[in-house]
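Work through the exercises below with the model open beside you. Try each task before you read its solution.

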Amino acid sequence: MTTVPALPTRHLGSLAVAAQGLGCMGMSHGYGAADDTQSIATLHHALDLGVTLLDTSDFYGFGHNEELIGRAIAGRPRDELVLATKFGFANRLGEPTRIRGDAAYVRQACEASLRRLGVDHIDLYYQHRVDPAVPIEETVGAMAELVREGKVRHLGLSEAGAHTIRRAHAVHPIAALQSEWSLWTRDLEAEIAPVCRELGIGIVPFSPLGRGFLTGRFSSLDGLEASDVRRTQPRFADGNLERNLAIVAKLNELAGEKGITAGQLALAWIQHRGQDVVPIPGTRRRTYLEENLAALAVELSPQDLAAIEAAAPPEEVAGTRYDATSLTFVNN
């Protein structure tokens, strides 16, 4: 069994959380069929090990993920965990992507999430994607009303651009920005992360392991279920996959020198980006949960960090992180 260190505390705005959270999307959405029994056991184990931040969305499994977490936390002391969920995707599977940020939808979505989670408040409520048709002031204004009513404690944005973050924060303090950030997705570093730091907003990187690719655990799409979203993503396409595997091979070599896995090296790298960074790697398995948490104990020197970045330069990553349509919904 992997030795898991005591988890240090970091802050997302004024919200204190353990330094690594648990992304729960894959328990219901995107990575094949759900296994509720295994997922609930992993959720319980995470809480027992000191994880406090559980991250979900009303879009993951179209409500299933929130219901799953609600079952897993039933009977647990409410103050031992920080529940984060999101709203904004108003479409169902197979329908064109539709984002809603209007005030009426914000309230409707929150009430539905509270019911599915079985709680009386959400600790961190994110807008999952920015609605280009609705001023961010309206959306965050409606979210702020939920704070005043006690239904939500802290507000967040996901995949928002720097200008939107500033406008949102002027309406109500934003505690966290959740966006993709890893060794192969670094576009927020130039402008978005500096704005978050200027405003005191924490950063919650999702997919810090590149959708599992940076772990080095697979070298092809063989074995992935037909419904696995990675089968449709450009970085996993023929040609791109092989080029990206060359990056992982270099990370594996560096990790081997330290006696850790490539995934732990990648997580340690993101955790060293700042005390305001709380990554949320996702897994359904307790063994991988322990492996991820053990990365918190990995120390990286400036020389180590330089070697890691030299092994995975952004310009060598082949393919975009989403298809062209999905990219239109990020960093707005």
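Five exercises follow, each with a worked solution.

This is a predicted model: local features need pLDDT of at least 70, side-chain atom pairs count only at pLDDT 80 or more, and totals for chains, interfaces and linings use all residues. Residues are numbered from 1 along each chain as its sequence is written, and side-chain values use heavy atoms, leaving out hydrogens and water.

**Exercise 1. A hairpin**

Task: Describe how strands β1 and β2 pair, and sort the residues of β1 by face.

Solution:
- Step 1. Find the strands. Strands (E, at least two residues) and helices (H or I, at least four) are DSSP runs, numbered from the N terminus. β1 covers residues 9-12, and β2 covers residues 15-18.
- Step 2. Check the pairing. Two strands pair if DSSP finds at least two bridges between them. Here β1 and β2 are antiparallel, with four bridges. Thr9 has Ala18 of β2 as its bridge partner.
- Step 3. Look at the turn. Two residues sit between the strands, and Gly13 has a positive phi near 60°.
- Step 4. Sort the faces. Arg10 and Leu12 are on the covered face of β1, while Thr9 and His11 are on the uncovered face.

**Exercise 2. Two positive phi values**

Task: Compare the settings of Glu159 and Asn331, two residues with positive phi.

Solution:
- Step 1. Read the angles. Glu159 is not a glycine, yet its phi is about 55°. Asn331 is not a glycine either, and its phi is near 55°.
- Step 2. Place the residues. Glu159 lies in the loop between β7 (152-158) and α5 (162-171). Asn331 lies in the segment after α11 (324-327).
- Step 3. Judge exposure. Buried means under 20% relative accessible area, exposed over 50%, and partly exposed in between (1.4 Å probe, protein chains only). Glu159 has 0%, so this residue is buried. Asn331 has 28%, so this one is partly exposed.

**Exercise 3. Helices α8 and α9**

Task: Find what packs against α9, then examine Gln271.

Solution:
- Step 1. List the buried residues of α9 (residues 286-294). They are Leu289, Glu290, Glu291, Asn292, Leu293 and Ala294.
- Step 2. Find their partners. These residues pack against β3 (22-23), α1 (36-48) and α8 (262-271).
- Step 3. Turn to Gln271, which is in α8. Its relative accessible area is 5%, so Gln271 is buried.
- Step 4. List its contacts (heavy atoms within 4.5 Å). Beyond neighbours within four places in sequence, Gln271 touches Arg10, Gln20, Pro279, Ala295 and Leu296.

**Exercise 4. The nonpolar cores**

Task: Which residues have the most contacts inside the largest nonpolar core?

Solution:
- Step 1. Recall the general trend. In soluble globular proteins, nonpolar side chains tend to be buried together.
- Step 2. Define the core. It is a set of buried Ala, Val, Leu, Ile, Met, Phe, Trp, Tyr and Cys residues joined through side-chain atoms within 4.5 Å.
- Step 3. Name the residues. The largest core has 86 residues, and Leu22, Leu43, Leu54, Ile165 and Leu251 have the most contacts inside it. Helix α8 gives the largest share, seven residues.
- Step 4. Look elsewhere. Another core, apart from this one, has 16 residues, including Val82 and Leu124.

**Exercise 5. The lining of the cavity**

Task: How do the residues lining the largest cavity divide by type?

Solution:
- Step 1. List the lining. On a 1 Å grid over the protein atoms alone, a cavity is a set of points where a 1.4 Å probe fits but cannot get out, and lining residues have an atom within 4 Å of a point. They are Trp184, Arg211, Gln233, Arg235, Phe236, Thr320 and Arg321.
- Step 2. Sort them. Ala, Val, Leu, Ile, Met, Phe, Trp, Tyr, Cys and Pro count as nonpolar, Asp, Glu, Lys and Arg as charged, and the others, Gly among them, as polar. The result is two nonpolar, two polar and three charged.

Note on methods. On a 1 Å grid over the protein atoms alone, a cavity is a set of points where a 1.4 Å probe fits but cannot get out, and a pocket is an open set with protein on both sides within 12 Å along at least five of seven lines; lining residues have an atom within 4 Å of a point.
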